[in-house]
Amino acid sequence: MTSKGLEGVVAAETTLSKVFGEEGRLVYAGYEIEDLAANASFEEVCWLLWNGELPTTEQLEQLSAELSAAASIDDRIIDILRLAPADTHPMATLRTAASALGFYDPEAEDMSDAANRRKAVRITARIPTITAAIDRVRKGLEPIEPDPSLRLGGNFLYMLTGQAPDGLGARIVDAALTLHAEHGLNASTFAARVTAATLADMHSAVTSAIGALKGPLHGGANERVMEMLQKIGSADQAEQWITAALERKEKIMGFGHRVYRTTDPRAPILRDLSGRLGSGADETPWLDISEKVVEVMRREMDARGKKIYPNVDFFSASVYYTIGIPTDLFTNVFAMARAAGWTAHVIEQLADNRLIRPKAEYKGPLGKKVVPIADRG
Ligand code: SDX
């Protein structure tokens, strides 16, 4: 029995997260996502995913020091970024640069658990630096070296703008990274596990994942949500825009999910973060448009009997835009966070590995004979 898109297929056991699709709950290794977003840093969540428990003070200090030490990237990676045409999509540039990290990682071909754990830290530390450098290089600016005194999320904002991030901006990016860190066998994580299960290396697995995340049905949705909000332009235009798009049978980016049959629990947290970035309609125009889109979609989907609700990508768009992150970097920010989940899943896969190789149901012809090409019509 073929399940299109592997819908409903349980392809692995994991202790990393549980997505409660009917209830709209998300748990990372025992902790509710709301609790983690409010009370743990992204670095603590990285430790949780890599080690199965939140860190002690000493363990967090150790991890933070390792992430800071690894945050700089080899100048030859910057040279590779300079080879990309200025209009290259940043996820395409990241896909290439993340792969190239393997050139200069002395443990690239070492698939031992210890080496993979060290590479998980290095890759997670470097994706923010690469992403900020992509933006600087394409603007003809020199990349900014990471500031070892800043945590990963705030350091990204600093490397992007050259300005020390304000406390609220850094706190909000940190919470957004936590919300995007892990989500079971989503398409990009599954791509990472399939790659790792062949005993290919960690950089190959992460490169596979970046390729999968780029797609608009997955991580690429947040960029398209922002483009949609900008096309809508104001809250009073949302009704007409959304209903016309649905009439054209278009999918509304940032809505729907393969597993959630109710609102994605990450969406209201991101909605509140977006609200904290400004007060009053004049400062949160994107949030006001977003709220109206949600209202119209709720009515339209209820009328169609469809359980289509906002997902993680919907409100992350207004959060990232309001913080000043360029729209076409939104999916790179998603990758910055999900690197923790991808690498944790690779480590988990290899702890009890079996090649991942489903079957396909053949629907083509049989019994055909080769005709000489001169006689083929
Ligand atoms: C992420 O898997 C994960 O965990 C992913 C993620 C993570 O943390 O890793 O949560 C992150 O990728 C979130 C999803 C981001 N993508 C989008 O926002 C793109 C828009 N969403 C859709 O493309 C869609 O909802 C998917 C891809 C997310 C899920 O699609 P499914 O499960 O394959 O469902 P489907 O496309 O078969 O749709 C079922 C029905 C269809 O209608 P009918 O043909 O049955 O009449 O629902 C409709 C669809 O047209 N539908 C939508 C819709 N999503 C589904 N209609 C309008 N707008 C939408 N967004």
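This report describes the overall build of one protein chain and then looks at several of its helices and residues.

## Overall build

The structure is a predicted model, and its protein chain contains 16 helices and three strands. Taken along the principal axes, the C-alpha atoms of the chain fill a box of roughly 70 × 55 × 45 Å. A compact globule of 377 residues would have a radius of gyration near 21 Å, and because the protein chain has 22 Å, the two values agree.

Of the 377 residues of the protein chain, 49% count as buried. The accessible surface of the chain comes to about 17,800 Å², and 53% of that surface belongs to carbon and sulfur atoms. When contacts with a separation of 6 or more are considered, 74% of them in the protein chain are accounted for by residues 24 or more positions apart.

## The largest nonpolar core

The largest nonpolar core has 105 residues, and those that touch the most other members are Trp50, Ile130, Ile242, Val293, Ile325 and Trp342. Helix 16 supplies the largest share of this core, with twelve residues.

Tryptophan 50, one of the residues just named, can be followed further through its contacts. Leaving aside neighbours within four places in sequence, tryptophan 50 is in contact with Leu63, Arg117, Ala120, Val121, Thr124, Ala340, Thr343, Ala344 and Ile347. Helix 6 covers residues 113-138 and helix 16 covers residues 330-351, and these two helices appear again in the sections below.

## Helix 5 and helix 10

Helix 5 has twelve residues and reaches 16 Å from its first C-alpha to its last, close to the 16 Å expected at 1.5 Å a residue. Nine of the twelve residues of helix 5 are buried, so this helix is largely enclosed by the rest of the structure. The buried residues are Pro90, Met91, Ala92, Thr93, Leu94, Ala97, Ala98, Ala100 and Leu101, and they pack against helix 4 (75-83), helix 6, helix 10 and helix 16.

Helix 10 (residues 202-213) also has twelve residues, which should span 16 Å at 1.5 Å a residue, and its end C-alpha atoms are indeed 16 Å apart. At the N-terminal end, helix 10 is capped by aspartate 201, which has a side-chain oxygen 3.0 Å from the backbone nitrogen of histidine 203. The buried residues of helix 10 are Met202, His203, Ala205, Val206, Thr207, Ala209, Ile210 and Leu213. Their packing partners are helix 5 (90-101), helix 6 (113-138), helix 9 (187-197) and helix 16 (330-351).

## Buried residues within helices

Isoleucine 77 has its place in helix 4 and counts as buried because its relative accessibility is 0%. Apart from neighbours within four places in sequence, isoleucine 77 is in contact with Ala97, Ala100, Leu101, Tyr104 and Ile130; among these, Ala97, Ala100 and Leu101 are buried residues of helix 5. Isoleucine 77 and aspartate 35, by contrast, are 42 residues apart in sequence and lie 37 Å apart in space, C-alpha to C-alpha.

Threonine 131 is found in helix 6, and with a relative accessible area of 0% this residue is buried. Not counting residues up to four places away in sequence, threonine 131 touches Leu94, Phe156, Leu329, Asn332 and Met336, and Leu94 is one of the buried residues of helix 5. Serine 290, in helix 14 (residues 285-304), is likewise buried, with a relative accessible area of 0%. Beyond its neighbours within four places in sequence, serine 290 is in contact with Leu229, Phe314, Phe315 and Ser318.

## Two residues with positive phi

Most residues other than glycine have a negative phi, and two residues of this chain can be set against that background. Leucine 6, which is not a glycine, has a positive phi of about 60°. Leucine 6 lies in the segment before strand 1 (17-20), and its relative accessibility of 39% is why it counts as partly exposed.

Alanine 29 has a phi near 50°, which is again a positive value in a residue other than glycine. This alanine is found in the loop between strand 2 (25-28) and strand 3 (31-32). Alanine 29 counts as partly exposed because its relative accessibility is 24%, a value that falls between the limits of under 20% for buried and over 50% for exposed.

Terms used: Residues numbered from 1 in each chain as written. Predicted model: local features only at pLDDT ≥ 70, side-chain atom pairs only at ≥ 80, totals over all residues. Heavy atoms only, no water. Helix = DSSP H or I, 4+ residues; strand = E, 2+ residues; numbered from the N terminus. Expected span 1.5 Å × (residues − 1). Buried < 20%, exposed > 50% of the residue type's maximum accessible area, 1.4 Å probe, protein only. Contact = heavy atoms within 4.5 Å. Polar contact = N/O pair within 3.5 Å; in protein donor to acceptor, adjacent residues only side chain to side chain. Rg over C-alpha atoms; globule rule 2.2 N^0.38 Å. Areas by Shrake-Rupley, 256 points an atom, 1.4 Å probe, with all protein chains shown as cover. Core = buried A, V, L, I, M, F, W, Y, C linked by side-chain atoms within 4.5 Å.
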